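Colleague: I would be grateful for a close look at the ligand site of this model. Please begin there and then work outward through the surrounding parts.

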Amino acid sequence: MEQVVTVVGGGLAGSECALQLARRGVRVRLFEQRPTRPSPAHHGAGLAELVCSNSLKSTKPDTAAGLLKWELERLGSELLRIARECSVPAGGALAVDRELFSRAVTERVAADPLIELVREEVTTIPEGPCVIAAGPLCSDALFSAIAEVVGGERMSFFDAAAPIVDAESLDRSLVFEQSRYGEEGSGDYLNCPMTREEYDAFMGALLGAERVIARDFEQADLFCACQPVEEVARTGHDSLRFGALKPVGLTDPRTGRRPWAAVQLRAENASRTAYNLVGFQTNLTWPEQRRVFRMIPGLGEAEFLRYGVMHRNSFVDAPRALDATFAVPGTSVRLAGQITGTEGYVEAIASGLLAALNTAAELSGKEPVRLPATGALGALVAYATDPATSDYQPMHVNFGLVPPLADPPRNKAARREALAARARADLDAYLASRPDLLAGA
Ligand SMILES: Cc1cc2nc3c(=O)[nH]c(=O)nc-3n(C[C@H](O)[C@H](O)[C@H](O)COP(=O)(O)OP(=O)(O)OC[C@H]3O[C@@H](n4cnc5c(N)ncnc54)[C@H](O)[C@@H]3O)c2cc1C
């Protein structure tokens with residue numbers, strides 16, 4: 001293939017995409033604006049820098065994150081392989097030495113004769129086939145250029161969202177269903193009642209927790225919108241009890257009394273498989289959210305489908321702006337990584353890989369790649385590109401996105417194992433029907 005593909009952004013998605021295209025014999029010009037133009041969140045000049053935590057999440061095969069890793073391995077991900085080589089002990093998770101990882105990816109890209117690495121900011125949409133993987137902090141000029149292609153109303157710039165938890169992971173013996181003032185519980189609101197001691201301990205942990213420091217560029221826009229829960233907490237010990245955690249109008253059925261404070265959970269979707277923590281937009285780091293918010297009664301084992309965020313996050317309204325392969329219809333532009341609205345390090349790697357598969361398929365006149373929606377990546381792409389998805393918000397992989405099993409086991413662990421087994425079988429079958437996908441690799 002003589003055509004050169006331009007990849008914009010040498011982050012997780014762009015680096016994976018460039019390496020996968022090169023493996024298939026496609027020449028790549030990979031543009032990375034750092035260090036000439038530093039990003040507000042990155043610290044160095046290396047490719048594939050992890051901007052926050054060094055965890056790539058669970059490796060357990062019966063979790064969505066573990067399944068995604070299996071899928072990436074099956075599809076021959078370069079960055080996942082490098083991550084494993086740079087891993088540090090982290091129990092059931094894959095965590096990496098971030099500097100080693102970034103250095104190894106940079107060296108791997110530099111050593112590839114088919115990849116030309118250009119250290120420049122891209123300010124317009126490149127000519128010819130291109131994959132834009134400029135991330136959540138995409139430079140302003142390029143983001144404006146993308147807005148012209150997809151339509152300005154299909155772009156988001158800021159993200160201030162509370163964490164979302166998996167309904168199945170809630171402890172229903174503690175959490176009760178009730179709207180304020182005894183209205184009949186429709187299941188739209190759940191309440192996590194706190195005793196005085198639990199509230200005091202929670203406030204202590206919240207105030208002491210590690211935060212992602214908001215940069216100047218973010219504060220101006222963020223603070224006029226809404227306050228992070230930990231900032232509200234800082235204004236006084238009872239501030240949350242009289243604010244988002246007010247127990248007014250609630251009666252705990254276990255005690256028959258009004259709790260000292262209560263965290264409300266609001267259903268995220270009609271099927272009530274996910275709930276968000278009302279008023280919990282936050283700047284705590286992701287591991288700290290997991291530690292501190294699991295202190296809330298009923299959330300001791302909570303699975304976070306999405307962590308709370310308050311940062312600049314440039315992403316397009318994928319269900320309306322992109323086709324099922326993340327391409328902008330009628331153009332030679334394809335997006336990958338967090339700019340598509342998928343969220344998470346491994347999700348970014350996965351979408352970079354998928355962008356490469358689709359671009360290579362397109363260049364050689366093959367069918368687009370449609371991974372089975374039963375898989376972690378296939379389900380995420382299906383969700384992100386389904387025009388029926390309304391109020392599109394960034395999302396991690398999770399089992400709530402896959403179609404239900406025909407005959408689901410009652411036991412949760414068995415159900416997850418069955419979902420993972422179905423996904424593995426479906427991907428194997430799909431790859432057997434598409435020998436071209438792994439052939440060039
Ligand atoms: C503050 C913050 C914290 C996060 N923490 C986590 C976390 O702990 N765990 C997790 O799983 N996910 C986290 N994420 C979410 C997400 O997974 C990461 O942002 C991930 O790095 C996204 O990968 P990407 O390849 O899409 O973008 P990036 O890895 O950001 O890569 C994009 C690259 O494009 C470059 N670029 C931008 N504009 C241009 C241009 N015009 N020309 C050339 N180059 C350009 C940038 O310099 C950057 O190197 C976080 C995101 C943010 C913003």
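Modeller: The account below begins with the ligand and proceeds to the cores, the salt bridges and selected residues.

The model is a predicted one. The shell around the ligand comprises 31 residues, and Glu 32, Val 122, Gln 338, Gly 344 and Tyr 345 come nearest. Polar atoms of the protein approach oxygen atoms of the ligand at several points. A polar side-chain atom of Glu 32 is 2.6 Å from a ligand oxygen. The backbone contributes as well: a polar backbone atom of Ala 13 lies 2.9 Å from an oxygen atom of the ligand, and for Tyr 345 a backbone N or O atom is found 2.8 Å from a ligand oxygen. On its own the ligand has 980 Å² of accessible area, of which the protein covers 96%. Two elements, α1 (12-23) and α11, give two or more residues to this shell.

Helix α11 leads from the ligand to the nonpolar interior. The largest nonpolar core has 90 residues, and within it Leu 12, Leu 21, Phe 101 and Ile 146 touch the most other members. Helix α11 (residues 345-363) supplies the largest share of this core, 11 residues. Another core, of 33 residues, lies apart from this one and includes Ala 267, Leu 277, Ile 296 and Leu 299. As for Phe 101, its contacts beyond four places in sequence are Leu 12, Ala 48, Leu 50, Leu 79, Ile 82, Ala 83, Cys 86 and Val 96.

Charged pairs form the next part of the picture. The structure contains 23 salt bridges. One of them joins the side chains of Arg 81 and Glu 78, at 2.9 Å from N to O. Both residues belong to helix α3 (residues 78-85), and because they are three residues apart they are separated by about one helical turn. The two partners are classed as follows: Arg 81 is partly exposed at 37% relative accessibility, whereas Glu 78 is buried at 5%, the limit for buried being under 20%. This pair also belongs to a network of salt bridges that links Arg 23, Glu 78, Arg 81, Glu 85, Arg 108 and Asp 112.

A second pair within a helix is Arg 234 and Glu 231, whose closest N and O atoms are 3.8 Å apart. Helix α8 (residues 229-234) holds both, with a spacing of three residues, about one turn. Arg 234 has a relative accessible area of 37% and is partly exposed; Glu 231 is partly exposed too, at 22%. A further salt bridge connects the side chains of Glu 417 and Arg 424, at 3.1 Å from N to O. In that pair Glu 417 is partly exposed, with a relative accessible area of 33%.

Arg 334 is found in strand β16 (residues 333-335). With a relative accessible area of 4%, Arg 334 is buried. Its side chain makes a polar contact of 3.1 Å with the side chain of Glu 362. Beyond four places in sequence, Arg 334 touches Cys 130, Val 131, Ile 132, Thr 325, Phe 326, Ala 327, Ala 355, Asn 358, Thr 359 and Glu 362. Of these contacts, Phe 326 deserves a separate remark on its backbone: phi of Phe 326 is near 65 degrees, a positive value in a residue other than glycine. Phe 326 lies in the loop between α10 (318-321) and β16, and is buried at 3% relative accessible area.

Lys 57 likewise has a positive phi, of about 70 degrees, although it is not a glycine. Lys 57 belongs to strand β3 and is partly exposed, with a relative accessible area of 28%. The loop between β2 (27-31) and β3 (55-58) contains Pro 35. A cis peptide bond, with omega about 0 degrees, joins Arg 34 to Pro 35.

Finally, Glu 198 is located in helix α6 (residues 196-208). Glu 198 is partly exposed, at 34% relative accessibility. Although Glu 198 and Ile 296 are 98 residues apart along the chain, their C-alpha atoms are separated by 7.8 Å. Ile 296 is among the members of the core of 33 residues. With neighbours within four places in sequence set aside, Glu 198 is in contact with Pro 193 and Pro 297.

Conventions:
Residues numbered from 1 in each chain as written. Predicted model: local features only at pLDDT ≥ 70, side-chain atom pairs only at ≥ 80, totals over all residues. Heavy atoms only, no water. Core = buried A, V, L, I, M, F, W, Y, C linked by side-chain atoms within 4.5 Å. Buried < 20%, exposed > 50% of the residue type's maximum accessible area, 1.4 Å probe, protein only. Helix = DSSP H or I, 4+ residues; strand = E, 2+ residues; numbered from the N terminus. Contact = heavy atoms within 4.5 Å. Salt bridge = Lys/Arg side-chain N within 4 Å of Asp/Glu carboxyl O. Near = heavy atom within 4 Å. Polar contact = N/O pair within 3.5 Å; in protein donor to acceptor, adjacent residues only side chain to side chain. Areas by Shrake-Rupley, 256 points an atom, 1.4 Å probe, with all protein chains shown as cover.
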